Amino acid sequence: MGTSTASSFDLIGPTALAAAYSRQFSDIPYALEIAQKVDAQTVFEQHTGHHLERLTTLVLWIESRYKAINHLIAMFGYTQIIELASGLLPRGMAMSENPNVTFVESDLPAMIDFKKQLVMQLIGERRNLQFEAIDATSIPSQFPIDADYLHDSEKVAILCEGLLLYLSFPEKERVCANVRNMLQRYGGVWITPDLSTKDGWYRLQEINPTIHKTFQAIYNTTGRSLIDNCFNDMEHARQFFIEQGFCVEEYKLIEILGEISDLERPGIDSDQANHLLATNSVFALTLNS
Ligand SMILES: C[S@@+](CC[C@H](N)C(=O)[O-])C[C@H]1O[C@@H](n2cnc3c(N)ncnc32)[C@H](O)[C@@H]1O
């Protein structure tokens, strides 16, 4: 199982509350209810020591990656969805409103137990919404291969947002192995915005010079450096996933969401928002057969 223990991953857990807090400023269904129920604002302020402005780059980035992933899910049209590192994401609650969808939320054991209780309080039990404790890096795999709620004949969409950027390269390779295994069995696609690069972080820093404070707070909380764990540039990222057996399709957020239309609201700095959308992407990874 490599060098990291489960408890070193558990330190990443509080970042899920920061993401939930960011989403409370969006129009994403259930985002506000979740953030308020877990008092995400207090946890965020305790960990970072500062308030989040409703229109910071972090808020726009987290909202836009969520919406872009939803676009790709709709584009591929698969109805079996396996979300890794779900944290406090509301997608499972929203998508399982469609009875034709089978949605699997997963995370480390403590986080997914917590999430399940939260979802029960907000919407109650749903036959097509499952909760699984999955360490995405675990070898042997903890993915729900052969789970009785999955149909062999239907492809899967595997999702993760805000996971790979915390993981070391050997840990990323283990996630790749587990995803590959699942896609070999069911077919489908891995949708993720997590191919973050040093180039990208530096660009983000140009738009928002205070972002380094967020990086420092993340390092203090998780013991993991987003900079050390990211790819040098997009070529490095592509090469990594090609070596792991994937084809990489890139979709720029601006192509998917259009100029800030999906993020628009009073007070937004549209230049900043458009720059963010033009320089960030979500990726569809399929098996390179
Ligand atoms: C930045 S949060 C992102 C949460 C959610 N995806 C979102 O966008 O709000 C990182 C999440 O990764 C989870 N995590 C950390 N290590 C993990 C692992 N090895 N396997 C699965 N999940 C993990 C944490 O518990 C946490 O929920």
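**Close-up views of a predicted model**

**View 1. Helices α2 and α4 pack against each other at an angle of about 120°, with their axes 8 Å apart.** In this predicted model, the angle makes α2, which spans residues 14–23, oblique to α4, which spans residues 40–48, because angles that fall outside the ranges for roughly parallel, roughly perpendicular and roughly antiparallel count as oblique. The crossing in which α2 passes α4 is left-handed. On the α2 side the contact is made by Pro 14, Leu 17, Ala 18, Ala 20 and Tyr 21, and on the α4 side by Ala 40, Gln 41, Val 43, Phe 44, Glu 45 and His 47.

**View 2. Seven strands form an open sheet with mixed pairing.** Read across the sheet, the strand order is β3-β2-β1-β4-β5-β7-β6. Strands β3 (129–133) and β6 (246–252) are the edge strands, each of them pairing on one side only. On average, and with direction ignored, neighbouring strands of this sheet are turned by 20° against each other. Helix α8 packs on the sheet, where it touches β1 (80–83), β4, β5, β6 and β7, and the direction of α8 makes about 145° with that of β5.

**View 3. Strand β5 pairs with β4 in the parallel sense and with β7 in the antiparallel sense.** The pairing of β5 with β4 (residues 156–159) runs over four bridges; among the bridge partners, Gly 188 of β5 is matched with Val 156, and Trp 190 of β5 is matched with Ile 158. The pairing of β5 with β7 (residues 281–287) runs over three bridges, and here Trp 190 has Leu 285 of β7 as its bridge partner. Trp 190 thus appears in a bridge with Ile 158 and in a bridge with Leu 285. Five of the five residues of β5 (residues 188–192) are buried, so this strand is largely enclosed by the rest of the structure. Together with helix α8 (residues 169–186), strands β4 and β5 make a β-α-β unit, and this unit is right-handed.

**View 4. Phe 169 lies in helix α8 and is partly exposed.** The relative accessible area of Phe 169 is 23%, and it is counted as partly exposed because the buried class is reserved for values under 20%. Leaving aside neighbours within four places in sequence, Phe 169 is in contact with Asp 228, Asn 229, Cys 230, Phe 231, His 236 and Phe 240. The C-alpha atom of Phe 169 is separated by 22 Å from that of Pro 14, and these two residues are 155 residues apart along the chain. Pro 14 is also one of the α2 residues in the contact with α4.

**View 5. Helices α9 and α13 are roughly antiparallel to each other.** The axes of α9 (residues 198–207) and α13 cross at roughly 175° and come within 11 Å, and the pair is therefore described as roughly antiparallel, a term used for angles over 145 degrees. Arg 203, Leu 204 and Ile 207 of α9 make the contact with Gln 272, His 275, Leu 276 and Thr 279 of α13.

**View 6. Asn 274 has its place in helix α13 and is buried.** Helix α13 covers residues 270–279, and the relative accessible area of Asn 274 within it is 16%. When residues up to four places away in sequence are not counted, Asn 274 touches Ile 254, Glu 259 and Ile 260.

Note on methods
Residues are numbered from 1 along each chain as its sequence is written. This is a predicted model: local features need pLDDT of at least 70, side-chain atom pairs count only at pLDDT 80 or more; totals for chains, interfaces and linings use all residues. Side-chain values use heavy atoms; hydrogens and water are left out. Buried means under 20% relative accessible area, exposed over 50%, partly exposed in between (1.4 Å probe, protein chains only). Helices (H or I, at least four residues) and strands (E, at least two) are DSSP runs, numbered from the N terminus. Two strands pair if DSSP finds at least two bridges between them. A crossover is right-handed if, with the strands pointing away from the viewer, the path from the first strand over the helix to the second runs clockwise. Axes are lines fitted to C-alpha atoms, for helices over the stretch in contact, and angles run from 0 to 180 degrees between N-to-C directions. Angles under 35 degrees count as roughly parallel, over 145 as roughly antiparallel, 65 to 115 as roughly perpendicular and the rest as oblique. A crossing is left-handed if the near helix is turned anticlockwise from the far one by less than a right angle, and right-handed if clockwise. Contact means heavy atoms within 4.5 Å.
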